[in-house]
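Visitor: I am new to this structure. Could you show me how to read its features one at a time?

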Amino acid sequence: MSQARVYLDNNATTQIAPEVLEEMLPFLRDKYGNPSSAYSFGGNLQKDLERARDRTAALFSCHPTEIVFTSCGTESDNFAIRGLVDAYPEKTHVILTKVEHPAVKNQAPYLRKKGLRVTEIGVDRQGRLDLAELAAAMDNETLLVSCMLANNETGVIFPLEEICRIAKEHGVFVHTDAVQAVGKIPLDFSRLPVDLAAFSGHKFHAPKGVGGLFVRRGLKIRPFLIGGHQERSRRGGTENLASIVGLGRAAELAAGRLGEEATRVRDLRDRLERGILRSIANSEVNGDPEHRVPNTTNVGIHFIEGEALLLALDKQGICASTGSACASGSLQPSHVLRAMGVPFTCVHGSLRFSLSTYTTPAEVDYVLETLPVIVGRLRELSPFRSLREIEAFGA
Ligand SMILES: Cc1ncc(COP(=O)(O)O)c(C=O)c1O
């Protein structure tokens, strides 16, 4: 297959759906008024804003007034946690998990500096949360549990219903970072009793720079962005209307793709995963294979450097991702894989492929032709090679 680009990094970001772009364009060209203006050229746009809110709320089976539009998933996570902490100053304890995205995880130092206690709950080798540890961590001072719905690196889905049940027994609020779950699995906030849930447009074929927070009706929360009266005074700032309209359309498209289309994507993901495990020795799946979003696979390829693998894949036009980040010259293994106890021969060589509705069987086949050749070549050069030989001799 001659292929310009095979994009299998949809957990990083997604392409804007053509239908989404189409609906956005009038708001970038002619309909540039400010929805807060008194005259009709601006004020009439309120109805477009509210239509987008209705469409978004429909995806989550919640009331439109429970949706607050923001600039991104990171802002939504900050709004949720800081907004709740500021609304309940008498509570002094927050619980997170060890595998949260930096948008949540990196709030821990801020919270500690503010004088709060922060507990981070661990996961097992398959990335599953330790619910007994969670229950034991709650006490009278606990305000909030923040647990993601689906992990961005492994795709593992967390048992939010169970987490909510435990939290409610202790009178504790629940925030979920749902950024990687939206558009991949059905979400129904009329049944799932979370108090807050963050989402981000660019993860489900809306543009970058727009997201939102589900805030359950009646919940006391302080605004994070303090300013004008927009979003019922819960988030100041002139609305990014074109992108919000795009997000509304993307939510509608996502709702229509949760059935058969999700199964098609899952089948493609499984074909990719099976093919990799079959053709590459010493490879394994990281994360609970049963409870995962349908588009994600994280494959650990032992005795190899993930960064080298990514560069070689890039040369062949394939976009994927690794949990390692090259920070100040030293490779930092992913905090998620470390929390899972992935062995060091594998933690550096873990690759994440994340598919989308635009992924084709031919693209998957191209990866399956290309990846084993690259791995074979790199393993010959691998600094881990001697270790492999040591292991082969059983030392
Ligand atoms: C789980 C999770 N939470 C939050 C974010 C941040 O979203 P945004 O890029 O919209 O700020 C991401 C982005 O990768 C994510 O994967």
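Guide: Gladly. Keep in mind that this is a predicted model. We start with a single residue, Val123, which is found in the loop between β4 (117-121) and α7 (131-137).

Visitor: Is Val123 buried or exposed?

Guide: Buried means under 20% relative accessible area. Val123 has a relative accessible area of 13%, so it is buried.

Visitor: How far apart are Val123 and Ala38, in sequence and in space?

Guide: Count along the chain, then go from C-alpha to C-alpha. Val123 and Ala38 are 85 residues apart in sequence. In space, 53 Å separates their C-alpha atoms.

Visitor: Can we try another pair?

Guide: Take Thr297, whose place is in strand β10. Thr297 and Asn152 are 145 residues apart in sequence, yet their C-alpha atoms are 10 Å apart in space. Thr297 is also buried, with a relative accessible area of 0%.

Visitor: β10 is a strand. Which strand pairs with β10 over three bridges?

Guide: To read a pairing, look for the bridges and the sense. β9 and strand β10 (residues 296-301) pair over three bridges, in the antiparallel sense. For one bridge, look at Ser283: its partner in β10 is Ile301.

Visitor: In what order do the strands of that open sheet stand?

Guide: The order is β9-β10-β15-β12. These four strands form an open sheet with antiparallel pairing. β9 (283-285) and β12 (321-322) stand at the edges. Each has a single partner strand, so one side of each is left without a neighbour in the sheet.

Visitor: Now a parallel case, please. How many bridges pair β3 with β5?

Guide: Strand β3 (residues 93-97) and β5 pair over three bridges, in the parallel sense. Val94 stands opposite Leu144 in β5. β5 and β6 also pair in the parallel sense, over three bridges. There, the bridge partner of Leu144 in β6 is Phe173. So Leu144 of β5 appears in both pairings, opposite Val94 and with Phe173.

Visitor: How many residues of β5 are buried?

Guide: Strand β5 (residues 142-146) is mostly covered, with five of its five residues buried.

Visitor: What does β6 join next?

Guide: Strand β6 (residues 173-177) is joined to β7 by three bridges, and the two run parallel. His175 stands opposite Leu196 in β7. On to β8: five bridges join β7 to strand β8 (residues 211-215), and these two run antiparallel. Ala197 stands opposite Phe214 in β8.

Visitor: Why is β7 described as largely enclosed by the rest of the structure?

Guide: Count the buried residues. In strand β7 (residues 196-200), five of the five are buried, so the strand is largely enclosed by the rest of the structure. Then check each face. Leu196, Ala198 and Ser200 are buried on one side, and Ala197 and Phe199 are buried on the other.

Visitor: And helices? What span does α15 reach, and what is expected?

Guide: Compare the span from first to last C-alpha with the value expected at 1.5 Å a residue. Helix α15 (residues 361-381) has 21 residues and reaches 31 Å, close to the expected 30 Å. Buried residues in α15 include Val364, Val367, Leu371, Ile374 and Leu378. Glu363 and Arg379 are buried there too.

Visitor: What about backbone angles? Which sign of phi should I expect?

Guide: Most residues other than glycine have a negative phi. Two residues here stand out against that pattern. Phi of Arg232 is near 55°, a positive value. Phi of Ser233 is near 60°, also positive.

Visitor: Where do Arg232 and Ser233 lie?

Guide: Arg232 lies in helix α9 (residues 230-233). Ser233 lies in helix α9 as well. Arg232 is exposed, at 52% relative accessible area. Ser233 counts as partly exposed, at 45% relative accessibility.

Visitor: Last topic: empty space. How many cavities of 30 Å³ or more does a search of the whole structure find?

Guide: The search finds one. About 270 Å³ of space lies in the largest cavity. Of the 20 residues that line it, the closest to its centre are Gly183, Lys184, His205, Ser356 and Thr357.

Visitor: What classes of residue make up that lining?

Guide: Nine are nonpolar, seven are polar and four are charged. α10 (241-255) and α11 (260-279) each supply at least two residues of the lining.

Visitor: Why is the largest cavity said to lie between two domains?

Guide: Look at who gives residues to the lining. Domain 1 (6-13 + 259-392) and domain 2 (18-255) both do, so the largest cavity lies between them.

Definitions and conventions: Residues are numbered from 1 along each chain as its sequence is written. This is a predicted model: local features need pLDDT of at least 70, side-chain atom pairs count only at pLDDT 80 or more; totals for chains, interfaces and linings use all residues. Side-chain values use heavy atoms; hydrogens and water are left out. On a 1 Å grid over the protein atoms alone, a cavity is a set of points where a 1.4 Å probe fits but cannot get out, and a pocket is an open set with protein on both sides within 12 Å along at least five of seven lines; lining residues have an atom within 4 Å of a point. Grid points are joined across faces, edges and corners, and a volume is the space filled by probe spheres set on the points. Ala, Val, Leu, Ile, Met, Phe, Trp, Tyr, Cys and Pro count as nonpolar, Asp, Glu, Lys and Arg as charged, and the others, Gly among them, as polar. Domain bounds come from an automatic or database domain assignment. Buried means under 20% relative accessible area, exposed over 50%, partly exposed in between (1.4 Å probe, protein chains only). Two strands pair if DSSP finds at least two bridges between them. The expected span of a helix is 1.5 Å times one less than its number of residues.
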